[in-house]
Number of protein chains: 2
Amino acid sequence: MTREPIRKSLWTWGTTENEPTDEQRRQAAEAVSAMVGAEVTAPPVPSPDSIELRAPRVVVPERLRSICRTDNHSRAAYSIGGHPMELLQGFRGEFANPPDVVAQPRGEDDVERILEWCADEGHATVPYGGGTSVVHGVTPPDSDSIVTIVMGGLNRVLEIDETSRAARIQAGVSGPDLEDQLRPSGHTMRFFPQSFPWSTLGGWIATRAGGHYATGPTHIDDFIESTRMLTPSGWMESRRLPGSGAGPSPDRLVLGSEGTLGLITEAWVRIQKRPVFRAKASAEFDSMEIAADAVRRIVQTKLWPSNLRLLDPVEAQKAAGGDGVHALLIIAFESSEVPQGHNLRTVIEMVERLGGTIASDSVKVTDESDAISEDGAAAAAWRKSFTGVNVGLIHGLGFVTDTFETAITWDRWPDFDAHIRAKVGRALDSTLTASWLSCRFAYSYLDGPAPYYTFAGLGTTGGEVEQWQIIKAAASQAVIEAGGTITHHHGVGRLHREGWEAQSPELFRAGLTAVKNRLDPGGILNPGVFF
Amino acid sequence: MTREPIRKSLWTWGTTENEPTDEQRRQAAEAVSAMVGAEVTAPPVPSPDSIELRAPRVVVPERLRSICRTDNHSRAAYSIGGHPMELLQGFRGEFANPPDVVAQPRGEDDVERILEWCADEGHATVPYGGGTSVVHGVTPPDSDSIVTIVMGGLNRVLEIDETSRAARIQAGVSGPDLEDQLRPSGHTMRFFPQSFPWSTLGGWIATRAGGHYATGPTHIDDFIESTRMLTPSGWMESRRLPGSGAGPSPDRLVLGSEGTLGLITEAWVRIQKRPVFRAKASAEFDSMEIAADAVRRIVQTKLWPSNLRLLDPVEAQKAAGGDGVHALLIIAFESSEVPQGHNLRTVIEMVERLGGTIASDSVKVTDESDAISEDGAAAAAWRKSFTGVNVGLIHGLGFVTDTFETAITWDRWPDFDAHIRAKVGRALDSTLTASWLSCRFAYSYLDGPAPYYTFAGLGTTGGEVEQWQIIKAAASQAVIEAGGTITHHHGVGRLHREGWEAQSPELFRAGLTAVKNRLDPGGILNPGVFF
């Protein structure tokens, strides 16, 4: 096997091809300057030759050398996940705790061989999918020896069952590669997290990721028929079933295990025919309060729109060209089988009855197959901002930004939001200038929304990480105090561990520890996450 | 507290009021005689004075006497679940292994006091909801001392959150009591298993019960916001959330735990406004094959009908007055918010395109609030047969009947069904005369149906249990061999343990055992189920 050079970027999501140029960064600096009312300038992009790393502390046995890397670029690239502050540190050339070895299995046999070696030697073992974790889920722990296992070599769709609409897929496949392999037969998994271009099926399962359905099957959990996972104690594979009530679900132990119980290598997942019929609209509301109540009533009618994203006035302005006063609701239905105009009309009537105004250019009902049909202007702007994020653009500007997300029942939502805004607002005021905090409902359930907050502002160049830490700590504490979950779909990782401990039942954690000790008796897998 | 006499029947579902009379049993015997072409006669209903039981082997401490019973009737009544063969044995006065004590807590404090005593003394402890288990889930184990804890005293709806459409409910409440408490505010949980009149919320959660939605939120799992459970190691209570991705779900450990990890005392569940808009129809198909394919295509359109039950020709004849040749599909939509005629028309068009014939009297579209609106003749007949089951009618006739249920992906369904019919058919032929085997799709998923089989026939009076065992063993083996799940919603209990072991990953069972040892270190809870 020819060894291709590692192309993973050291400072932005994706590969070196995704890295912005100096010119793009200069333009971004100008935009930030205008946004914050202060002159910021972009330092030049770093040269990859300048990486200085701790020397590897592990000798790879001869038999595994062909599937292991120990070069500086590989170890640096896989020492970070996808959090903006990690990537900023990568931009600065700071790689404090790189793995000693980056293993790249090509199949299950290789995964077995590597894991056996790690278990025998007691190496801390970090499963690595696309590396888009924003919660330090793939960041190496504080251990004497660290092996990061990159699952990207297991990237094939192995089987498509057109009758049941399901597919057996290797866990290391990225979103686009997965869709490319389903497309020839007219299928799609249609699981589109914001990290879609880089993240993997195994990562989605391990972290209970959220896709792009705003209602209904939001989490990857809803797509899973069965899972296959290699633990230090052996293989664990569940029976492929459309449903079961035979005791606690084995798959529900794998879902959310975040690399601590085993390496997920395969899953049977539910797929579908590509949508043909689409119906969309956008609506404006005079306030977030009125809009949130409308979303609640719409979702409680159980029409299950594919999109139902509500942007508060600040978010609507930043991400979709809004006027800064109105909240924006993006509504969409889609189906591979039946026209969706009727559902959209029902929701439009509800919106108008509940105080919203439908944007005149936004209503589109189509039956053209495939491709993203044209959106209204607001929805199109929002889509671009959603998929076009490039964290590399703003490194070194002193600009501090992050997101946090949760879920809360409808009855508690207004007080919850007030609490978050007060606590996080204070932290922002004390650390940044020209800051803002915005919110959207990323998902909505019958019994509550999953709010997604974004904050940003200008801090001190070189001090961004410390400033971010203050705000992040305030946000996590506020979410837990006010009754939310520390994460709806980003995961727990090392960053949310305290919040997870605060929200989850102590005896459940004790039980999970008992499982951990049984499946991973050496405690090698992803130390620092959960355990 | 005044102690009411135990009214639980010793030989049929529910209370002594639900017991059929001699005259009703005589009529049932006539009907069975006609059905099997042989004269069978009904022995008289037993007298409850004649119970002979093993003496209690446990002395209840003074402090617990007011909430414990040791009389023969109580111990006999709670020594059996809801399986027809258990009830037949109850009818015969055979109570081989009664609990020594029947505890009846009035609230969580009592549950704590009783469980503490059981843990201290090492009594095998069997949590008991409505006692409708058909899988020996509440049948006492082979232990030196047995305490059955009947949860019916915890029967209140504690809180209703109208905004989030959720309620906090004590686990011992029965279906009708739960609905009675929700009705004044215009709400319903709308969770209607066949055992609804007697089974409890806690029992539904413990067994991952199936409700009456044929698509969409089929299992109780989908209704749960949070759970509260007392284990021998203390309380375990999850945070109330509409959704979360923070590690493996604590509730998913409680769901399906079948009384082996703790006693569920409370849950927050999703409720809804009572449906106002309804739309229904029935369709006939020339064969089960054509009908099954139509159901697959209908469910894959994701219109989420509340009912979509497919009866094979035998079942349609026995339960809904069919001609014995055609398969019957019952279709229904309902909503508290929006009219459902449009959805029904879409499905009717699909049915006609896919080879079905809509019964002319069956199409009803209504917007009347509350109450069960009128059905077409076939659907009404089926509803009556579903909710009107009274196993006490046929005891002692030599009539052997039971059901078994599973789930299987669509691609495997035809071969699966052929395998079941061959294997179970052989067992029926070897044990019963005038037997039949019928099937309905109780639930349908995007990726497969949950088939529900019923068998019946004439065996030997006095030999029914042994004959049933032969058929049941053949059915369980066939289900597992052909790739199904040993249970979709009846539970594992003691009856399905072997099948559960065959279908579930060995390492998952090892992990679950580790959890068991942590939460119930004395192993007192429901021994024989799972562990």
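**Architecture and pairing of chains A and B**

Of the 531 residues in chain A, 58% are buried. The model described here is predicted. The secondary structure of chain A comprises 15 helices and 19 strands. Chain A has a radius of gyration of 23 Å, close to the 24 Å given by the globule rule for 531 residues, so chain A is as compact as a globular protein of that length. The C-alpha trace of chain A spans about 70 × 60 × 45 Å along its principal axes. Contacts in chain A often link residues that lie apart in sequence. Among contacts between residues at least 6 apart, 72% join residues at least 24 apart.

Strand S14 of chain A, residues 327-335, is mostly covered. Of its 9 residues, 9 are buried. Both faces of S14(A) are covered. On one side lie Ala327(A), Leu329(A), Ile331(A), Phe333(A) and Ser335(A), all of them buried. On the other side lie Leu328(A), Ile330(A), Ala332(A) and Glu334(A), which are buried as well.

The pairing of S14(A) was examined next. Strands of a sheet pair through backbone hydrogen bonds, in either a parallel or an antiparallel sense. Strand S12 of chain A, residues 277-285, pairs with S14(A) in the antiparallel sense over 9 bridges. Here Ala283(A) stands opposite Leu329(A) of S14(A). Strand S13 of chain A, residues 307-311, also runs antiparallel to S14(A), and 5 bridges join the two. In that pair, Leu311(A) has Leu328(A) of S14(A) as its bridge partner. Leu329(A) and Leu328(A) belong to opposite faces of S14(A), and both are buried.

An open sheet of 5 strands is also found in chain A. Its order is S5-S6-S10-S8-S9, and the pairing is antiparallel. The edge strands are S5 (157-161) and S9 (234-237) of chain A, each of which pairs on one side only. Neighbouring strands of this sheet are turned against each other by 10 degrees on average, direction ignored. At one edge, S5(A) pairs with strand S6 of chain A, residues 166-170, in the antiparallel sense over 4 bridges. Within this pair, Ile160(A) stands opposite Ala167(A) of S6(A). Helix H4 of chain A, residues 108-121, packs on the sheet. H4 touches strands S8 (224-231) and S10 (263-270) of chain A. The direction of H4 makes about 145 degrees with that of S10(A).

Arg165(A) sits in the loop between S5 and S6 of chain A. Phi of Arg165(A) is near 55 degrees, a positive value in a residue other than glycine. A residue counts as buried if 20 or more other C-beta atoms lie within 10 Å of its own. Arg165(A) has 22 C-beta neighbours inside 10 Å and therefore counts as buried. In chain B, Asn526(B) also has a positive phi, of about 45 degrees, although it is not a glycine. Asn526(B) lies in the segment after H15 of chain B. Asn526(B) is buried because 28 other C-beta atoms lie within 10 Å.

Helix packing was examined in chain B. Two packed helices are described by the angle between their axes and the distance between the axes. Helix H3 of chain B, residues 84-91, packs against helix H13 of chain B, residues 464-481, at an angle of about 170 degrees. Their axes are 10 Å apart. Angles over 145 degrees count as roughly antiparallel, so H3(B) is roughly antiparallel to H13(B). H3(B) contributes Met85(B), Leu88(B) and Gln89(B) to the contact, and H13(B) contributes Glu464(B), Val465(B) and Trp468(B).

The two chains were then compared. A turn of 180 degrees and a shift of 0.0 Å along the axis lay chain B on chain A with an RMSD of 0.0 Å. That is the relation of a two-fold axis. In chain B, the C-alpha nearest the axis belongs to Ala514(B), 2.6 Å from it. The same surface serves both copies, as 100% of the contact residues of chain B recur in chain A.

The contact takes 76 residues from chain B and 76 residues from chain A. Several elements of chain B each supply at least two residues of the side that touches chain A, among them strands S18 (433-445) and S19 (448-458) and helices H10 (341-353) and H14 (497-503). H15(B) gives the most to this side, with 10 residues.

Methods
Residues numbered from 1 in each chain as written. Chains lettered and ligands numbered in written order. Predicted model: local features only at pLDDT ≥ 70, side-chain atom pairs only at ≥ 80, totals over all residues. Buried ≥ 20, exposed ≤ 12 C-beta atoms within 10 Å, placed from the backbone. Pairing = 2+ DSSP bridges. Rg over C-alpha atoms; globule rule 2.2 N^0.38 Å. Contact = placed C-beta atoms within 7 Å. Axes fitted to C-alpha atoms, helices over the stretch in contact; angles between N-to-C directions. Least-squares fit on C-alpha atoms with pLDDT ≥ 70 in both. Parallel < 35°, antiparallel > 145°, perpendicular 65-115°, else oblique.
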